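Reader: I should like a close look at one helix of this model and at what surrounds it. Please state the cut-offs behind each term as you use it.

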Amino acid sequence: ADRDILHRMKVATLASLLILASASAWGADLDLGFAHPGMSVEEFRASSWPPGIAVRCSGEADLPPESDSVRLTVPQPVARLGGTRCGLFHQQDGAWKPSRLTMAGGETEVWGKFFPDRTGTSRLVQLVLKQPASGFSALAAHLTEHFGEPDENTSRLVRWQTDEAEATIIDDGSKNLLVFIIDTRLQSALNARTSHQPKPKAHKSPHP
C-alpha cells in the first residue's frame with residue numbers, strides 16, 4: 001500500500017512538473033498584456049480588447065474584401081499547414097471594418113500570424129504593429145517599460161531579444177513604423193515546414 005501511495009505521488013509530481021514545463025515553454029517574455037509570443041489564438045481572441053472590437057481571422061466568412069487596410073490572406077504554403085492571420089475589427093453599417101488601438105498615444109494596427117505547434121494548437125508566431133512614424137520615440141519608451149532596456153537602440157531601430165522571442169521597432173523612413181514581435185522557435189519551425197513542402201505542379205495547357 002505504501003508503495004502504491006509513493007508511486008501515485010511520484011506520478012502526480014511528474015505530471016505537475018510537465019504542466020509547469022509546458023507553461024514555461026510559452027512564457028510571457030515580451031508580453032504586451034493583450035498579446036505575447038506563443039499565446040494560442042483562443043487566448044488572443046479572449047484578450048481585453050476595447051468594447052465593440054473582435055478578432056477576425058483569415059478563412060472566416062463575411063470579412064471585408066482584401067484591400068490595403070485588410071490583409072488577412074496568408075501565403076498558400078502557410079495556409080496548407082494550418083497557418084492563419086488575424087486582426088482587430090468592428091462592425092460599421094453592417095460590415096466588418098479594421099480597428100486600431102491607441103498605444104503610447106498613437107493609433108496602432110494590430111495583426112497576428114498564427115501557426116499550429118506540435119500538438120496542433122494554433123499559436124502566435126508573429127505579431128505586427130503599425131503606427132505613424134512620428135510616434136517612434138514614444139513607442140520605444142513605452143515598450144522599454146514593458147520589456148526592459150533594449151539590446152539594440154538607434155534612431156531608426158530598437159530591438160529586444162530573449163532565448164525564445166524577439167521584438168523590433170523599425171522606422172524605414174516611410175510614413176509608418178512597424179513593430180515585429182516574433183516567437184523565434186515557432187518561426188523556425190514554420191520556415192522548416194514550409195520549405196519542405198512540395199511545390200504545386202504546373203498545369204499544362206491542352207493546346208500545343
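Author: On the face of helix H4 turned away from its buried side, the exposed residues are Ser137 and Glu145. Buried means under 20% relative accessible area, exposed over 50% and partly exposed in between, with a 1.4 Å probe and protein chains only. The model is a predicted one, in which local features need pLDDT of at least 70 and side-chain atom pairs pLDDT 80 or more, whereas totals for chains, interfaces and linings use all residues. Numbering starts from 1 along each chain as its sequence is written, and side-chain values use heavy atoms, without hydrogens or water.

H4 itself runs over residues 136-147, twelve in number. Helices (H or I, at least four residues) and strands (E, at least two) are DSSP runs, numbered from the N terminus. From its first C-alpha to its last, H4 reaches 16 Å, close to the 16 Å expected; the expected span is 1.5 Å times one less than the number of residues. Its buried residues are Phe136, Leu139, Ala140, Leu143 and Phe147. They lie on the same side of H4, because they cover an arc of only 100 degrees around the axis, as given by the directions from the axis to the C-beta atoms. In general, residues three or four places apart point the same way, since an α-helix has 3.6 residues a turn. The elements against which the buried residues of H4 pack are E4, E6, strand E8 (157-161), E9 and E10, contact being heavy atoms within 4.5 Å. After H4 comes Gly148, with a positive phi near 90 degrees.

One of these packing partners, E9, spans residues 165-170 and holds Glu166. Leaving aside residues up to four places away in sequence, Glu166 touches Leu30, Arg159, Trp160, Gln161, Phe180, Ile181, Ile182 and Thr184. With Arg159, the side chain of Glu166 makes a polar contact of 3.5 Å, that is, a pair of N or O atoms within 3.5 Å, one able to donate a hydrogen and the other to accept it, where residues adjacent in sequence count only if both atoms are side-chain atoms.

Strands E6 (122-132) and E10 (176-183) also pack against the buried residues of helix H5, as do helix H3 (76-80) and strand E5 (106-116). H5 covers residues 184-195 and, with its twelve residues, reaches 16 Å from first C-alpha to last, close to the 16 Å expected. Leu186, Gln187 and Leu190 are the buried residues of H5. Down the axis of H5 they fall within an arc of 100 degrees, so they line one face of the helix. At the N-terminal end of H5, Asp183 acts as a cap, with a side-chain oxygen 3.3 Å from the backbone nitrogen of Arg185.

E4 (101-103), another partner of H4, leads into a loop before E5, and Ala104 is found in this loop. Ala104 has a positive phi of about 55 degrees although it is not a glycine; most residues other than glycine have a negative phi. With a relative accessible area of 31%, Ala104 is partly exposed. Asp93 likewise is not a glycine and has a positive phi of about 55 degrees. Asp93 belongs to the loop between E2 and strand E3 (95-98), and its 77% relative accessibility makes it exposed.
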